[in-house]
Amino acid sequence: MGIMLAACAQEAGHEDNVNAQAFVDYMVAEHNFDRDQLMMLMREAKRKDSILKAIKRPAEKAKPWYEYRKIFLTPQSIAGGVDFWDKNAKALSDAEKKYGVPAEMIVAIIGIETRYGGNMGGYRVLDALATLAFDYPRRAKFFTKELENYLILTRDQDIDPTTLKGSYAGAMGYGQFMPSSYRAYAVDFNGDGHVDIWTDTEDAIGSVANYFAKHGWLPLEPVVVLTNPRPNADMTVVNDSLDLKWTVGELAEKGFPTTAQVAPDMPANVFSLETEQGKQYWIGLNNFWVITRYNRSRLYAMAAYDLAQEIVKARGGRS
């Protein structure tokens, strides 16, 4: 009996939850939603203990770069990138022309996020967002806002909000956009009247490219350059921030000369990565910072950049 009650509790709807009721009041007043329909939706939005467990799971001990890289740069991920590029060559070329973001960078992001659409998440987005909005106080404000965005986007796109699936945190589609990112950056790249990042690779490709462009990607600019610190280099600035707090010239003065020609007035930061041979030092430029807007992690950004380069190599330079 206890097991059955526990199962019922974790699958309960949210119609009796006071935070959900306040949310319904807000959505009716602010966005003119129908109260009865929203209350039915709150009943339908199930509380999932598996989602709460997943978000509370302690982040695994940070892996050194050489281990982290191996997760994302595998023969399968590189071959999958070549295949995805070949199948979507026109959309990728069009997106590169329109947004200035290299095709390989778009492909790499989709590869890292969902294995080229092979794993977009198995949770109903409605359950994920409602559970985290109403049953997880620590991030309630963020996920309540995402639920608001989700209901607006499903209404705008005429999608049944109970049908879409995503990650345990409610990230959706090929590029794993949160609802707020969808509303801000997702595009109808093929002009069919729907912004579909779940089944339409053209929209997914255009949306990732637009996200990068809107965050300031500079076409044809480098992403990172190696640096070999001088013996007297100021090591306090290494890994001090993801933000571009310095310029290339200032970092050279601090003992971090670049190994390639880049303009001294370029905004930059300096970071280290743990290789099997020891620490490697890099200067991150504007476009590296843009990749960290997608996922605020140096390791993620470097993995995406490296995967992009490996996919280009594997394709043998075909455009």
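Biologist: How many residues of the lining of the second largest pocket are nonpolar, polar and charged?

Modeller: In this predicted model, totals for linings use all residues, while local features need pLDDT of at least 70 and side-chain atom pairs pLDDT 80 or more. Residues are numbered from 1 along each chain as its sequence is written, and side-chain values use heavy atoms, without hydrogens and water. A pocket is an open set of points on a 1 Å grid over the protein atoms alone, where a 1.4 Å probe fits, with protein on both sides within 12 Å along at least five of seven lines; lining residues have an atom within 4 Å of a point. Ala, Val, Leu, Ile, Met, Phe, Trp, Tyr, Cys and Pro count as nonpolar, Asp, Glu, Lys and Arg as charged, and the others, Gly among them, as polar, and the split here is 6 nonpolar, 2 polar and 3 charged.

Biologist: Which elements give two or more residues to that lining?

Modeller: The lining includes Gln37, Leu38, Leu41, Leu151, Thr154 and Arg155. Helices are DSSP runs (H or I, at least four residues), numbered from the N terminus. The elements that qualify are helix H3 (35-44) and H10.

Biologist: Which residues lining the largest pocket are the closest to its centre?

Modeller: The largest pocket holds about 1900 Å³ of space. Its lining has 45 residues, and the closest to the centre are Tyr68, Glu113, Tyr168, Asn295 and Tyr300.

Biologist: Which helix gives the most to the lining of the largest pocket?

Modeller: Helices that each supply at least two lining residues include H4 (49-56), H5 (65-72) and H8 (103-114). With 4 residues, the one that gives the most is H8.

Key:
Grid points are joined across faces, edges and corners, and a volume is the space filled by probe spheres set on the points.
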